[in-house]
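The following exercises concern pockets, backbone geometry, helix burial and contacts. Each task is followed by a solution in steps.

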Amino acid sequence: MERASFSRSRGGPVSSNAVRDEPSGARLLVVDDEPSMVRTLRTNLRGHGFQVETAETAGDALASYERRQPDLIVLDLNLPDGDGFEVVRRIREQSGTPIIVLSARGGETDKVNALDLGADDYMTKPFGIDELLARIRVALRHVARPGTGAEPRITSGALVIDLERREVTVAGRAIHLTPTEYDLLKVFVTNPNKVLTDRMLLQQVWGPDYGDESHYLHVYVARLRRKIESDPQDPAYLVTEPGVGYRFRSEEL
Amino acid sequence: MDNRVMRRLIPFVAAAAAVAITTAFIDLIVGRAQIANISMLYLVAVLIVAVAFGRVAAIVASILAFVTFDWFFVPPTHQLVVADAEELFSLALFLITAVVTGTLAARERARAQEAEHREHDAKVLYEAAFLMAEPNLERALVAVAEHFRAALDLDAVSIEANADILPHPAIAARDDAARADLRATGSELRLMDPAGPSRTIRLVGPTTARAGRRARLVPIVAAGVRVGRLTVLPQAGAPEFGPAEERVFAIAAAQLGLTIERARFRQDATESEVLRRSDDLKTELLHAVSHELRTPLASILASAGSLRQRDVDWTERERDEFATAIQDEAVRLDRLVGSLLDLSRIENGTLVPHKAWHDVGALVEDVAGRMRPVTAGHPVRLDVPEDLPPIELDYVEIQQVLSNLVENAAKFSPAGSEIGISVGRDDSNVRFAVRDHGPGISPGDSERVFEPFVRLARAGQGPRGVGLGLAIAKRLVEAHAGTIWVDRGVSDGTRIVFTLPGRAGVV
């Protein structure tokens, strides 16, 4: 997988032209039906060294996806010729290309649906452009270096999980977890900085027959927080995404 | 003679007549031999009188029979003296038997009569309950009043309730005189103590016929609060209401109380339903508006954020692009806020057209010119005859109507498809039409599209726009005494037509 070359060191005197001459940046597909939003994103992302394709309809988005095989898709859910969910579904049938969903505020159900269909992250409109760039980098890094069980040890700040020995330590202190708590934590740490919906977590930990039993999940997340967070009221690792699910915030990124 | 005196005398007359007939019968047919049987015959007479005329008649008949028996048949006859002690004993026995059996028979009769009355009353009240089920309170109460008046043989009945629920009292009257007499009872609900009992008033009036008439006022109470009054005007000269009638009125008043209470609940429910709907509409408006405001805001924030980024040296062209996006979207926000203000002004009725005579052709060409940035990508065909008369209109407002229609046409039809703007005469009116070749509006939606914030899901296309364009257009056209509608006679796309009244005789 092509590695994104998005970084120009903050404050470093790197000429923008140097980046533009280097077409090796990750290929992004931006899908939004608002022309001014598309223009702004295209200019900005190109300025940050990405190659940018754009589409204003679901049909164009799928066609462009087929033609250019982008490394990441930024997708507005509200499209004129069919919903963005269909785009997510069709792309997920073919590949795991990261998808960051854009949606208007208040559309929690939309976000959850899109994430359940396989979208990787979401942003609520209006959003800060820096936040979008950060999310794009996280998603690309995650694809570039997937951590799914490949590494025996996962470290994030004071938290260390040894996947081979099923051992968890916080600041060197061993933590005892029940099998379910351990399975849940494992799903979190192998998907760092990614939004996981209640349904996804339930199905991965409890099994495919689960999905609506969010209360189980809330109980186990609360237990995990008491065991691994220094302040369970203000969690550093297991962050709630209101109305959507949870995100494991890894300090690594 | 007075009716009431007559009625009082009936038992006595009946008793005397019964005893006389029995005596004659015995004298003529039975003979004097069997004294024991004679007493039995008198007993039969007493029982018949008791059953037919009640207790008083029974006792009177018993005493009369006793005396007659003694006088005519007990030796020595034709005097009240009784010679034989045994005869005296059987005579006394007869009197006691007659009084006791007569009273018992009369009581049975009274019970039967009461049962009959109660059945009648229950039927009257039951039928009234049926009538009260009518959802329209005024109609229900008029029917109930007439029902009581007819069933209880009254001169007039009126049912009043507080004016907020029943503006006019429900009145049933035998004739105009009765109606006038009823009116003389006054309609001051205040006169009645809310928790007080019903009472009788005597009418005073200019005519002797009215003076001295009585009317019964029964309070209608629901949940401890007086909600109305039942007024009953009996026939002139009818006896005073007895406890049975009072009971009927009390039950009727209780039923009416429930009916009025139910009507009030229904009224409250309707009001709260209206409030809820308008609340829903406002919530919908807020959702739509907040979504519409956020879309340009998202572009503005993204562009402004881009300009502030220090990790990229933006070229002059790129900076210009961000600035243009900010400006465009700010203009769009301004337009949206303006539309919302327009709509609220129109809804409040504070927007008054400033009419002047204008050339319609020039107006249409002006709009087509101004809308060129919006219609770019669509060929626009103008159909404006030369001989159109001038029309009195508010230029800015009608320009806005046409612009909204043209903007919709451009927005909802595929690029490259033609947009037609035409004007023509229609009797004394001038008719404007904007035509596109988009997906069209289904017949079921052709009214709804003019409501604010109604956005149609068009063939898999998400809702777009704030949904105010047609709502504003409709209100502006109507402020010009014109009409606007969706023309269903087109084979494809949408044709929206509006007419404005021309000057009669000139056009």
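**Exercise 1.** State the volume of the second largest pocket and describe its lining.

*Solution.* Step 1. The second largest pocket has a volume of about 320 Å³. A pocket is an open set of points on a 1 Å grid over the protein atoms alone, with protein on both sides within 12 Å along at least five of seven lines, and lining residues have an atom within 4 Å of a point.

Step 2. The lining comprises 17 residues, of which Leu152(B), Asp153(B), Leu154(B), Phe241(B) and Glu245(B) are the closest to the centre of the pocket.

Step 3. Two elements of chain B, helix H4 (85-132) and helix H7 (243-308), give two or more residues each to this lining. H7(B) gives the most, with four residues. Helices are DSSP runs (H or I, at least four residues) and strands likewise (E, at least two), numbered from the N terminus.

Step 4. By class, the lining has ten nonpolar, three polar and four charged residues. Domain 1 (3-126) and domain 2 (134-268) of chain B each supply at least three lining residues.

The model is predicted: local features need pLDDT of at least 70 and side-chain atom pairs count only at pLDDT 80 or more, whereas totals for chains, interfaces and linings use all residues. Residues are numbered from 1 along each chain as its sequence is written, chains are lettered from A and ligands numbered from 1 in the order in which they are written, and side-chain values use heavy atoms, with hydrogens and water left out.

**Exercise 2.** Locate the cis peptide bond that involves Pro126(A), and characterise the positive phi values of Arg166(A) and Asn193(A).

*Solution.* Step 1. Lys125(A) and Pro126(A) are joined by a cis peptide bond with omega of about -5 degrees. Pro126(A) is in the loop between strand S5 (121-125) and helix H6 (129-144) of chain A.

Step 2. Arg166(A) is not a glycine, yet its phi is positive, at about 55 degrees. Arg166(A) belongs to the loop between strand S7 (159-162) and strand S8 (167-170) of chain A.

Step 3. Asn193(A), also a residue other than glycine, has a positive phi near 60 degrees. The loop that holds Asn193(A) runs between helix H7 (179-189) and strand S10 (195-197) of chain A.

Step 4. Is each residue buried (under 20% relative accessible area), exposed (over 50%) or partly exposed (in between), with a 1.4 Å probe and protein chains only? Arg166(A) is partly exposed at 47%, whereas Asn193(A) is buried at 10%.

**Exercise 3.** Determine the span, capping and burial of helix H11 of chain B.

*Solution.* Step 1. H11(B), residues 395-411, has 17 residues and reaches 24 Å from its first C-alpha to its last, close to the expected 24 Å. The expected span is 1.5 Å times one less than the number of residues.

Step 2. At the N-terminal end, Asp394(B) acts as a cap, with a side-chain oxygen 3.1 Å from the backbone nitrogen of Val396(B).

Step 3. Twelve of the 17 residues are buried, so H11(B) is largely enclosed by the rest of the structure. Among them are Ile398(B), Leu402(B), Leu405(B) and Ala409(B).

**Exercise 4.** Describe the surroundings of Thr124(A) and Ile220(B).

*Solution.* Step 1. Thr124(A) lies in strand S5 of chain A and is buried, at 18% relative accessible area. Its side chain makes a polar contact with that of Lys111(A) at 3.2 Å. A polar contact is a pair of N or O atoms within 3.5 Å; within protein, one must be able to donate a hydrogen and the other to accept it, and residues adjacent in sequence count only if both atoms are side-chain atoms.

Step 2. Ile220(B), in strand S4 (residues 214-222) of chain B, is buried at 0% relative accessibility. Ile220(B) and Ile159(B) are 61 residues apart in sequence, with a C-alpha to C-alpha distance of 8.9 Å.

Notes: 1 Å grid on protein atoms, 1.4 Å probe; cavity = no way out; pocket = protein on both sides within 12 Å on 5 of 7 lines; lining within 4 Å. Points joined across faces, edges and corners; volume = space filled by probe spheres on them. Nonpolar A, V, L, I, M, F, W, Y, C, P; charged D, E, K, R; others polar. Domains from an automatic or database assignment.
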